[in-house]
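Work through the exercises below with the sequence and the coordinates open beside you. Each task is followed by a solution that proceeds step by step.

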Amino acid sequence: MRRRKGEYSKGSNLTAGITDQLGRAIVAGEYRGRGFPIEAEIADQFRASRSITREAIKMLTAKGLITSRPRHGTSVAPEANWNFLDADVLRWILDSGFSLDLLAEFTAFRTAIEPQAAELAIKHADSASIARINEALLRMELAESTRGNMLQADIDFHVAILEASGNRFMIQCRDLVATALKFSIQMTNSEKGVPGADIEAHRAIANAITERDVQGATRATRAILEEAAMLIERARDAAN
């Protein structure tokens, strides 16, 4: 793992940069079969101070990627210990190698929370929160005709529903969902053979939330997720 020239220029966030580089290397398996570098080696590799290096190690430890034990030093933690709810960890894993299995698990996770988030949005969201859902839908519609960034608008749509739920645990999932959706949406659209999202399917969700139709909102949300799960499963079958 080599540091690219000028990657960590003066004034950049060295701690975040080192954490990113080491995190990517860990999930890619670069340290498999060999020990994780000691603090001094990391500091020398990135030309960073010991305090900055130590902070990066703390961040990786908090993400469950490495572990330290007295007289054993620092080592890469088993994958079972990794924090898959951490958006950085999930992004590094998906960047290191596209995983249909992981996307299938992520879609199952979404199915467990997003219909409930839509229902809670109906019960608790204020007009501003609902307006953000409809604004994201409008940007999806505009992107369809102008070749704009439909992917980001699609992600913003789903995140806006999580935020509108008013549930603090669901709101905390927004970065995780946004990160995984960047991969999931592109994969399912490709499998379906379409350039962008199904606007009508998303409009059905937005209209149901706006009209305070709980059954309609949960039904429309499940329909999108069931289709995504089917497309991912189809791609898995084709890959096997």
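The exercises go from the overall fold to single residues, and they refer to a predicted model.

**Exercise 1. Describe the secondary structure, the extent and the burial of the chain.**

Begin with the elements: the chain has 11 helices and two strands, and along the sequence they follow the pattern α-α-α-β-β-α-α-α-α-α-α-α-α. Next, take the extent of the C-alpha trace, which spans about 60 × 45 × 35 Å along its principal axes. Then turn to burial, where 45% of the 240 residues count as buried. Finally, consider the contacts between residues at least 6 apart in sequence, of which 68% join residues at least 24 apart.

**Exercise 2. Determine how strands S1 and S2 are paired and what lies between them.**

The first step is the sense of the pairing: S1 (residues 66-69) and S2 (residues 73-76) are antiparallel and share four bridges. One of the residues to inspect is Arg-69, whose bridge partner in S2 is Gly-73. The second step concerns the connection, since the two strands form a hairpin with three residues between them. In that turn, Arg-71 has a positive phi of about 70 degrees.

**Exercise 3. Locate Arg-47 and Arg-212, and classify the accessibility of each residue.**

As background, most residues other than glycine have a negative phi. Arg-47 has a positive phi, near 55 degrees, and is placed in the loop between helix H2 (39-46) and helix H3 (50-62). Its relative accessible area is 71%, so Arg-47 falls in the exposed class, which begins over 50%. Arg-212 also has a positive phi, near 60 degrees, and belongs to the loop between H10 and H11. With a relative accessibility of 39%, Arg-212 is partly exposed, because this value lies between the cut-offs of 20% and 50%.

**Exercise 4. Identify the buried residues of helix H4 and the helices against which they pack.**

Start at the beginning of H4, where a side-chain oxygen of Asp-86 comes to within 2.8 Å of the backbone nitrogen of Asp-88. Then go along the helix (residues 87-96), in which Ala-87, Val-89, Leu-90, Trp-92, Ile-93 and Leu-94 are buried. The last step is to find their packing partners, which are helix H1 (14-27), H3, helix H5 (100-124) and H9.

**Exercise 5. Characterise the largest pocket and its lining.**

The volume comes first, at about 250 Å³. The lining consists of 20 residues, and those nearest the centre of the pocket are Thr-188, Asn-189, His-202, Ile-224 and Glu-227. To assign the lining to elements, note that helices H7 (150-164), H9 (174-192), H10 (199-210) and H11 (214-239) each supply at least two residues, while the largest share, six residues, is from H9. Sorted by class, the lining holds nine nonpolar, six polar and five charged residues.

**Exercise 6. Is His-202 buried or exposed, and which residues does it contact?**

His-202 belongs to helix H10 and is among the residues nearest the centre of the largest pocket. Its relative accessible area is 4%, and because this is under 20%, His-202 is buried. The side chain of His-202 makes a polar contact of 3.0 Å with the side chain of Asp-154. Beyond its neighbours within four places in sequence, His-202 is in contact with Leu-137, Met-140, Asp-154, Phe-157, His-158, Ala-197 and Ile-224.

How values were computed
Residues numbered from 1 in each chain as written. Predicted model: local features only at pLDDT ≥ 70, side-chain atom pairs only at ≥ 80, totals over all residues. Heavy atoms only, no water. 1 Å grid on protein atoms, 1.4 Å probe; cavity = no way out; pocket = protein on both sides within 12 Å on 5 of 7 lines; lining within 4 Å. Points joined across faces, edges and corners; volume = space filled by probe spheres on them. Nonpolar A, V, L, I, M, F, W, Y, C, P; charged D, E, K, R; others polar. Buried < 20%, exposed > 50% of the residue type's maximum accessible area, 1.4 Å probe, protein only. Pairing = 2+ DSSP bridges. Contact = heavy atoms within 4.5 Å. Polar contact = N/O pair within 3.5 Å; in protein donor to acceptor, adjacent residues only side chain to side chain.
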